Amino acid sequence: MGMRNHLSLFINFAKEGFDKSLLVAKFFCCLHVINTYFCTPALTYGPSMLPTLSLTGNLVLAERISPLLKKVAPGDVVLVRSPVVPGRIVTKRVIGMEGDRVSYVVDPKNSDRFETVLVPKGHIWIEGDNIYESNDSRKFGAVPYGLLEGRIFWRIWPPKDFGSLGRRAK
């Protein structure tokens with residue numbers, strides 16, 4: 001009788017462990033789906049988006065639905081897969097959409113010379129808010145819309161800046 005009791009105890013323990021493991025697996029599956037298709041946290045840092053985002057880092061939320069529905073517009077701050085270093089995600093502001101004419105300062109540190117370009121079909125023009133310290137479309141041209149990863153809509157950290165990251169007027 002003692003052996004049967006131990007076996008029964010082991011089976012109950014194994015069932016409970018399996019049930020808990022299944023619950024954890026479901027949680028991580030839901031988290032993966034939410035992160036991949038709906039909303040993702042991102043850590044932004046660097047000088048290119050000063051003064052909108054801080055140099056030392058901001059924790060932001062980016063939603064992934066607007067890019068899929070083609071609802072990104074000029075003025076939105078977005079996450080974009082870098083066309084120069086594909087493993088890197090950069091944070092920039094959308095300046096122009098396909099068909100827009102965009103004027104920009106070619107080399108802001110050394111001259112005031114402007115150029116105007118027509119954004120090609122299926123592309124967006126992105127720039128950092130700090131034109132003196134940003135590698136953006138002024139350097140590598142318009143970016144394919146398919147490299148758009150998400151639209152930043154909320155700043156979580158630092159706490160003093162907690163809140164919406166709205167669209168900037170043109």
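This is a guided tour of selected strands, a loop, aromatic rings and cysteines in the structure above, which is a predicted model.

Begin by selecting strand S7, residues 123-127, where 4 of the 5 residues are buried, leaving the strand mostly covered. With S7 highlighted, add strand S4, residues 89-96, which runs antiparallel to S7 and is joined to it by 3 bridges. To see how the two strands are set against each other, show the side chains of Arg 93 and Glu 127, since Arg 93 stands opposite Glu 127 of S7. Then bring in strand S8, residues 143-144, which pairs with S7 over 2 bridges, again in the antiparallel sense. Here Ile 124 has Val 143 of S8 as its bridge partner.

Keep Arg 93 and Glu 127 in view and select Met 49, which lies in the loop between strand S1 (39-44) and strand S2 (58-63). Is Met 49 buried or exposed? Its relative accessibility is 3%, and because the cut-off for buried is under 20%, Met 49 counts as buried. Apart from neighbours within four places in sequence, the contacts of Met 49 are Thr 91, Lys 92 and Arg 93, together with Glu 127, Gly 128 and Asp 129, and also Val 77. Both members of the facing pair visited earlier, Arg 93 and Glu 127, are therefore among the residues that this loop methionine touches. If Lys 15 is now selected as well, the C-alpha atoms of Met 49 and Lys 15 turn out to be 52 Å apart in space, with the two positions 34 residues apart in sequence numbering.

Turn next to the aromatic rings, for which the count comes to 3 pairs. One of them is Phe 27 with Phe 28, an edge-to-face pair with 5.4 Å from centre to centre and 70° between the planes. Phe 28 is partly exposed, at a relative accessible area of 49%. Another pair is that of Trp 154 and Phe 162, whose ring centres are 5.5 Å apart and whose planes meet at 80°, so that this pair too is edge-to-face. Trp 154 is partly exposed at 30%, whereas Phe 162 is exposed at 52%.

Finish with Cys 29 and Cys 30. How many disulfides does a search of the whole structure find? The search finds 0. For Cys 29, the closest cysteine sulfur is that of Cys 30, and at 7.1 Å it is too far for a bond, because a disulfide requires the sulfur atoms to be within 2.5 Å. Cys 30 counts as partly exposed, with a relative accessibility of 48%.

Note on methods
Residues are numbered from 1 along each chain as its sequence is written. Side-chain values use heavy atoms; hydrogens and water are left out. Buried means under 20% relative accessible area, exposed over 50%, partly exposed in between (1.4 Å probe, protein chains only). Two strands pair if DSSP finds at least two bridges between them. Contact means heavy atoms within 4.5 Å. Rings of Phe, Tyr and Trp (its six-membered ring) pair if their centres lie within 6.5 Å; planes under 30 degrees apart count as stacked, over 60 as edge-to-face and the rest as tilted.
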